[in-house]
Amino acid sequence: MITGELKNKVDRLWEMFWTGGLTNPLDVIEQITYLMFIRDLDEMDNTRKKDSLMLGLSYESIFIEKENLKWSSLRDKPADTMYQTMQGEIFPFIKTLHTDKGSTYAKYMEDAIFKIPTPRLLEQIITALDELYAIADKQTDKKDVRGDLYEYMLSKLTTAGTNGQFRTPRHIIRMMVELLDLHPGDLICDPACGTSGFLVSAGEYLKEKYLEDIFYDKDVKAHYDNAMFTGYDMDRTMLRIGAMNMMTHGIGNPHIIYKDSLSDQNSDSGKYTKILANPPFKGSLDYDIVSTDLTKVAKTKKTELLFLALFLRMMKNGGRCASIVPDGVLFGSSKAHVDIRREIVENHRLEAIVSMPSGVFKPYAGVSTAVIVFTKTGAGGTDRVWFYDMQSDGYSLDDKRTELATSDIPDIVGRFKSIEGEGDRERTEQSFFVPKDEIVNNGYDLSINKYKQSAYVEEEYPHPREILAEINALEQEIVEGLRELEALIDG
């Protein structure tokens, strides 16, 4: 979440667009995104130069003989020159940055349009963006600022909450990435990728943990840049933002595709080793637009159930998934709810349910959610399921989402990675195991409240005669006080 001065700067930037004549929120987001990307190209180019020197690798700058197109050069130009350069040179340049016309980047930048109407407005916006970045650079977690800016901008869309077009909090994404323990050979997919937050975080995790494995092996690096990450979405604006987001995080050619994941348009089957997702739970779809092999698993129109069936289909055997689900998925009593839970428990391996507090997605939504972690086996394997009752994600659970000193997330990751040591925990503790047989006997109910037990502390109370004596004493004091009051009135 962004607050204080940074939030005010974004608000003022947004206001500049509106007063300058750009009033469509999607247009505003796109134009800000283009400018952020153009600015980040300069920074990314400088970073890659330094990295290549450090690692002993060759790198050719994208700005050879085009130094005037750098942000650092642009911002010093007069307003009219700045405008002409942006419109006539920089936008054509970013559209053709990738020579591969079939690349993700080329696909989503080919229809990019520069819409800022006047030189004066462009100058104001560029100055405002530089001020915004200067504030962001002072913050301790710089990597998170881009995602926070996207999230805050998306909050200004009236459709954000309904269509799920808001970013999952970065710390929740990171927790899910760590639960899946990614590796350089993985094929990772988010079938509802939005701004690509999950894929970006996965890439960052892999670079932190396997930097040498990725960058010193050209085949692994090619896999990382071109094949490792796949994202689907139905919103071209989100796809464009997502593609640019991934590229500026060092992923050369991410596979970000316009696709309705739940329809026959998506034929992926047995393809991915890891799936990370927070699908948009929009309610109900018509049967005729849903892939028939999904409704065979759970005959339903509810997207939250259909996506779970989709994840199972899309993964290879041995593939693992971490997905956010609304709590209703865990305890719903309809046939479809029970069917999808039975499918995961009986025919695959359900590993964990992490119950999250309802304020995690505020201020956009107050719904209670959980993270479900499972492995596709096609042959069962669930013997017991690990439950964790998250009380704090490190932020207050109101609309302000103020950062707190403590968080359960490090404990969740630590306990899950040492899960064999969890076997002796009591149901009164924050985490515990539940055997499969008990889950089956409870109609495959996966809500933590079904199994968690309260720890009762015995309280000692005074004897009733002592309480009665105290009441009598109080009554005497009241009577005496009334007599004194009457005496004062009569006197």
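Cys189 stands opposite Ile275 of strand 4, and that pairing is a good place to start exploring this predicted model. Two bridges join strand 1 (residues 188-190) to strand 4, and the two strands run parallel. From here we can walk outwards through the sheet, then visit some helices and two unusual loop residues.

**The sheet**

- Strands 1 and 4 belong to an open sheet of nine strands, with the order 3-2-1-4-5-7-6-8-9 and mixed pairing.
- Strand 3 (255-258) and strand 9 (431-435) stand at the edges; each has a single partner strand, so one side of each is left without a neighbour in the sheet.
- Neighbouring strands of this sheet are turned by 15° against each other on average, if direction is ignored.
- As a reminder, strands of a sheet pair through backbone hydrogen bonds, either parallel or antiparallel.

**Strand by strand**

- Is strand 4 mostly covered or mostly open? Strand 4 (residues 272-277) is mostly covered, with six of its six residues buried.
- On to strand 5 (residues 315-326): strand 4 pairs with strand 5 in the parallel sense over five bridges.
- Within that pairing, Ala277 has Ser323 in strand 5 as its bridge partner.
- Towards the edge of the sheet, strand 2 (residues 229-233) pairs with strand 3 in the parallel sense over four bridges.
- There, Gly231 stands opposite Ile256 in strand 3.
- Helix 17 (residues 409-417) lies across strand 5, strand 6 (349-356), strand 7 (369-375), strand 8 (384-389) and strand 9. Helix 17 runs at about 160° to strand 8.

**Helix 1, a helix with a buried face**

- At 1.5 Å a residue, the 16 residues of helix 1 (residues 4-19) should span 22 Å, and its end C-alpha atoms are indeed 22 Å apart, which agrees.
- Which residues of helix 1 are buried? They are Leu6, Lys9, Val10, Leu13, Trp14 and Phe17.
- Looking down the axis of helix 1, you would find these buried residues within an arc of 135°, so they line one face of the helix.
- A general rule helps here: an α-helix has 3.6 residues a turn, so residues three or four places apart point the same way.
- On the other side of helix 1, Glu5 and Thr19 are exposed.
- Just after helix 1 comes Gly21, which takes a positive phi of about 110°.

**Helices 2 and 4, a crossing pair**

- The axes of helix 2 (residues 25-55) and helix 4 (residues 79-95) come within 12 Å and cross at roughly 75°.
- How should we describe that angle? Angles of 65 to 115 degrees count as roughly perpendicular, and helix 2 and helix 4 are therefore roughly perpendicular to each other.
- Gln31, Tyr34, Leu35, Ile38 and Leu41 in helix 2 meet Met86, Ile90, Phe91 and Ile94 in helix 4.

**Two loop residues to look up**

- Most residues other than glycine have a negative phi, which sets the scene for the next two residues.
- Ser196 has a positive phi of about 70° although it is not a glycine.
- You can find Ser196 in the loop between strand 1 and helix 10 (197-215). Ser196 is buried, with a relative accessible area of 0%.
- Tyr444 also has a positive phi, of about 60°, although it is not a glycine.
- Tyr444 sits in the loop between helix 18 (436-441) and helix 19 (464-490). With a relative accessible area of 8%, Tyr444 is buried.

Note on methods:
Residues are numbered from 1 along each chain as its sequence is written. This is a predicted model: local features need pLDDT of at least 70, side-chain atom pairs count only at pLDDT 80 or more; totals for chains, interfaces and linings use all residues. Side-chain values use heavy atoms; hydrogens and water are left out. The expected span of a helix is 1.5 Å times one less than its number of residues. Buried means under 20% relative accessible area, exposed over 50%, partly exposed in between (1.4 Å probe, protein chains only). The arc is that of the directions from the helix axis to the C-beta atoms. Two strands pair if DSSP finds at least two bridges between them. Axes are lines fitted to C-alpha atoms, for helices over the stretch in contact, and angles run from 0 to 180 degrees between N-to-C directions. Angles under 35 degrees count as roughly parallel, over 145 as roughly antiparallel, 65 to 115 as roughly perpendicular and the rest as oblique. Contact means heavy atoms within 4.5 Å.
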